[in-house]
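This report looks at packing, surface and backbone features of one protein chain. The sequence and structure come first.

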Amino acid sequence: MKINISFLIIILISSLQMSFANKFTEHPNTKYETTKEVKELYRKLANLSQKNYILFGQEDCTAYGVDWKSESNRSDVKDVCGYHPALYGWDVGGIELGDTQNLDCVAFDEIRMLIKEAHKRGGVNTISWHLHNPVTEKNSWDTEEGSVDEILEGGAFHAKFNLYLDRLAEFLSTLKTDDGTFIPIIFRPWHEHTGNWFWWGAKRCTAEAYIKLWQHTVDYLTNEKKLKHLLFAYSTDRVNSMEEYFERYPGDSYIDILGMDLYHRGGADTSKKFVNDANSLLTDISKEAKQRGKISAFTETGLKTVNQPNWWTEVLLQSIKDTGIAYVLIWRNPVGKAMHCFGPYKGHENNVNFIKFVNIPNIITEKNINILHK
Ligand code: BMA
């Protein structure tokens, strides 16, 4: 029998392609169980990023804006373009102490309600955790050296850290729809660890201790607390290489999303460098993510005050374009502090350009969120 070699090669290539596609669109090789809604969200985000769409989001956007707080169905983004973002960022710093509001004075009851509303609108919720240092009880920026070692197994503050995790888990376990279904949450603790401003930062603990910190967090929340509605996101700050990116990585069985935080700082003369750095790092991270069956994301970014003309299309868009990331999150618009705002708001000089940005077909907001759910 004559074997048709090229036919065999074609079969081989297409089956390889199929297995690669499956690997990427199924919930990845993590060690914990997840709900079907989490698997579904994962698959949707993976598909979306494969088609070059990017979800746009902002931190705390429906909780407050530059001149308002706790108003129903409002966001500065919506004030400007007519609809909310597709991605909603929250922070649960303070939950570990049993506080009723987070470090930015948003009540946890309100965060829960807003997460539910965002989910109802088809949006995606991501939570970070600026938690207090269990050793000193000071805030995240208390860079006491050695704290991580003391909260790990065998350390004097391990039980206290587990209590912090208990309180966090208690809150996370209340994030359900009216019919009792758990709302999928992208949980992103221990962020920006390649920097040195948090007590879990690179100079505050060894790589081994940081990895253990992550692994304990995931194991405790998923095994001990039996939470199944979480996707875990790993996010560095600026790195100089992929070796550095993965130096403190807890492992593929602990992480679903590979992220990076990078802010644009400085004037117009720094734009080119920011765009180049962000775009090339995000491209590299996305490639790694794909190979590992993971999703990638720009987990925090922004230019304070957005005071550069056409920043949205000329800087932000260029920094994420064709990188393969699933979403981008800009930081918050604190009440009464226009100087610290990362988003648009009524009357901002860059609004025309913001509207242009959110209307680019690849950018997903509440308006075209159905693309995510197809
Ligand atoms: C930081 C700043 C702080 C805030 C913290 C958590 O980047 O915005 O003011 O408390 O995030 O949201």
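Residues count as buried under 20% relative accessible area, as exposed over 50%, and as partly exposed in between. The model is predicted. With a relative accessible area of 33%, L103 is therefore partly exposed. L103 sits in the loop that runs between β4 (87-91) and α4 (108-120). Together with W141 and W197, L103 makes a nonpolar surface patch of about 290 Å².

In soluble globular proteins, nonpolar side chains tend to be buried together. Here the largest nonpolar core has 88 residues, and F56, F298 and F357 touch the most other members. Another core, of 26 residues, lies apart from it and includes V38, V124, L231 and I369. Outside its neighbours within four places in sequence, F298 is in contact with a set of residues including M260, L262, F274, A278, L282, I320 and I325. The polar residues D261 and S319 are also among the contacts of F298.

A positive phi in a residue other than glycine is found at N52 and at D60. The table sets out both.

| Residue | Phi | Loop | Relative accessible area |
|---|---|---|---|
| N52 | near 75° | between α2 (36-50) and β1 (54-59) | 29%, partly exposed |
| D60 | near 55° | between β1 and β2 (64-65) | 0%, buried |

Is D277, in helix α9 (residues 271-291), buried or exposed? D277 has 16% relative accessibility, so D277 counts as buried, the cut-off being under 20%. The side chain of D277 makes a polar contact with the side chain of K273, at 2.7 Å.

Conventions
Residues numbered from 1 in each chain as written. Predicted model: local features only at pLDDT ≥ 70, side-chain atom pairs only at ≥ 80, totals over all residues. Heavy atoms only, no water. Core = buried A, V, L, I, M, F, W, Y, C linked by side-chain atoms within 4.5 Å. Buried < 20%, exposed > 50% of the residue type's maximum accessible area, 1.4 Å probe, protein only. Contact = heavy atoms within 4.5 Å. Patch = residues over 30% accessible without salt bridge, like charges linked within 9 Å, V, L, I, M, F, W, Y side chains within 5 Å. Areas by Shrake-Rupley, 256 points an atom, 1.4 Å probe, with all protein chains shown as cover. Salt bridge = Lys/Arg side-chain N within 4 Å of Asp/Glu carboxyl O. Helix = DSSP H or I, 4+ residues; strand = E, 2+ residues; numbered from the N terminus. Polar contact = N/O pair within 3.5 Å; in protein donor to acceptor, adjacent residues only side chain to side chain.
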